[in-house]
Structures are given as C-alpha cells and as structure tokens.
Amino acid sequence: MLDDPEFVLHANVEGLARRAGVSPPTIIRFCRALGCAGLREFKLRLAQNLAIGKSMLHRAVVPGDDMQAVTHKVLQDAVSALANIEQHVIVQDLETAARRMATARRVDCYGVGNVSMFMASDAQARFARLGLESGAYFDAHLQLISAATMGKRDVVLAISYVGRQRSLLHAVEVAKEQRAMIVAITQPGTPLARIADIVLPVVVPVDRAMRVGTEAYLAQITYLEILMVGVGLRRSPAALRKLKRVREVLKNRGIDTETHPVVPTP
C-alpha cells in the first residue's frame, strides 16, 4: 500500500490480497485496525491524504505540465473514476433500487447545492420520460412537503456528494418515517448514507479546486444513467412507447433536431 497507493485506490479486496500475498480477510482486518469500517472507508481516507499538498488545480498535475500532459492526466483520472464505480457498488442494491422505482407510485428527487440540484433535475427528466410520476425539489420547504406526502410505495432519490446538509437530512428522515424507500447517491459513511435504505457510493479522490469535483460529478451522473436504463427495462412496454413518443414530439416540434423547423400556428 505504501509502495503503490494509486493501485490501492482502484483495486478490489481480492486484487489487494493477491498483490500483498495475504488473504482477503487480512485486508479487511487491516482496514479495521486503522479505525475504518472496511476497505471503502480506508480508500476514501487514503484518497483524501494523497490529495494533501498537491496542486490546487488537480492532484495529478504539476507545474510545467503542457496541455498534452494536462489532457492525459485529467482524462485518465476521469476514466479511473468511472471504472471505480463497479468496484464499490453492490449490484443487488442497484437491482433493488431499479425494481422499486419501476413500480413506484412516485419517485421524488432531492438535491442541495449546484451539482446536486442539476443531478436531481436531470434524474426527474429521465424518469418522467419513462412515464413515472416524478418531481425534483431543491428548496428545503418543498422537500419537506414532498416527504410528508410520501408513502410505502414511493421512493426518494437523494443526491448529495457531501451528504450532511441539515435540511436534506430532515426531509429524508420525514420520508423514511412515511415508509418511503430512500436511495442515496453519496459518499459512504455520510449522515445521508446512514439514513438511506440503499447507498450508491461515490468514492473518488478529493478534488483540490472544487468541493464537488469532476470525478464526483461523473460518478453521480453515471449512476443516473444506470438507474434510468434499469428502470426502463423493468417497466412495461408502454413505458418504452412513452419514451419513444417523447423523442418524436421533441423532434417534430423543433426541440431535438438540427433543422429547427418553424412550427405553424393554429
């Protein structure tokens, strides 16, 4: 781990065990001996420490790098962030979330902050195209109203990399009291993760320039794509027909087309 910390960030427990010549349980015991709940938390702490003392612009970039080097380093880290998702997510959690959303009475999306607000809005637009009743709420007051009207057939998708904003936690707690399922896209170990029924973990190195950096953004929006596809596959054929109809309407009305034809007035 000391010799190649970057490998540790992207390896699973089996890969680490092979590299170190020990058994997988030994890796877990090592992480717990350092005060971590498991390998995920250990990786998160390792990534945070690796970021300390490096460039304020990007952890891999050093003074004097030309644009070719900058481009390569940024793209490589982006690719690693996406590949890292598969190593941390529990596929059964994705399956459970997709099935519950596909049959939900309502799926409401909560976000706080610039990136999370965009993600919640994007998620709502994706689900609406599949014919799901869905809302996106960014205001603390409206989030509480949404949460108070939830039921056991409803799902809250709470998106927050930081995962500790008080207003968001209040809304999620109320929704859970109403017996709604809580799906959270957040870092492992956050207060939001502890409340959620299902956590889609965002495990990325700390971004030195932005509180929620590009790699966290990519991980979150990738989860939305996975959920949309999963939900779409589990909805009835009518849902896919609605998706097709949405595309046709947007194209015919000059929204999603290159030609932008003039729509005649009645």
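Which residues lie nearest the centre of the largest cavity, and how many residues line it? In this predicted model, the largest cavity is lined by 14 residues, and those that lie nearest its centre are H10, N84, V203, V204 and P205. Three elements, α1 (5–10), α4 (39–51) and α5 (67–88), each give two or more residues to that lining, and α5 gives the most, with 4 residues. By character, the lining of the largest cavity divides into 7 nonpolar, 3 polar and 4 charged residues, and the volume that these residues surround is about 100 Å³.

The count of cavities of 30 Å³ or more comes to 2, so that the description can turn next to the second largest cavity, which has a volume of about 60 Å³. Its lining is made up of 12 residues, with V204, P205, D207, G213 and A216 lying nearest the centre of this second largest cavity. V204 and P205 are thus named for both cavities, since they also belong to the residues nearest the centre of the largest one. The lining of the second largest cavity divides into 6 nonpolar, 2 polar and 4 charged residues.

Besides these enclosed spaces, the model has pockets, which are open. The largest pocket has a volume of about 370 Å³, and 17 residues line it, of which L44, Q187, P188, G189 and T190 lie nearest its centre. Sorted by character, the residues lining the largest pocket comprise 7 nonpolar, 5 polar and 5 charged.

Key. Residues numbered from 1 in each chain as written. Predicted model: local features only at pLDDT ≥ 70, side-chain atom pairs only at ≥ 80, totals over all residues. Heavy atoms only, no water. 1 Å grid on protein atoms, 1.4 Å probe; cavity = no way out; pocket = protein on both sides within 12 Å on 5 of 7 lines; lining within 4 Å. Points joined across faces, edges and corners; volume = space filled by probe spheres on them. Nonpolar A, V, L, I, M, F, W, Y, C, P; charged D, E, K, R; others polar.
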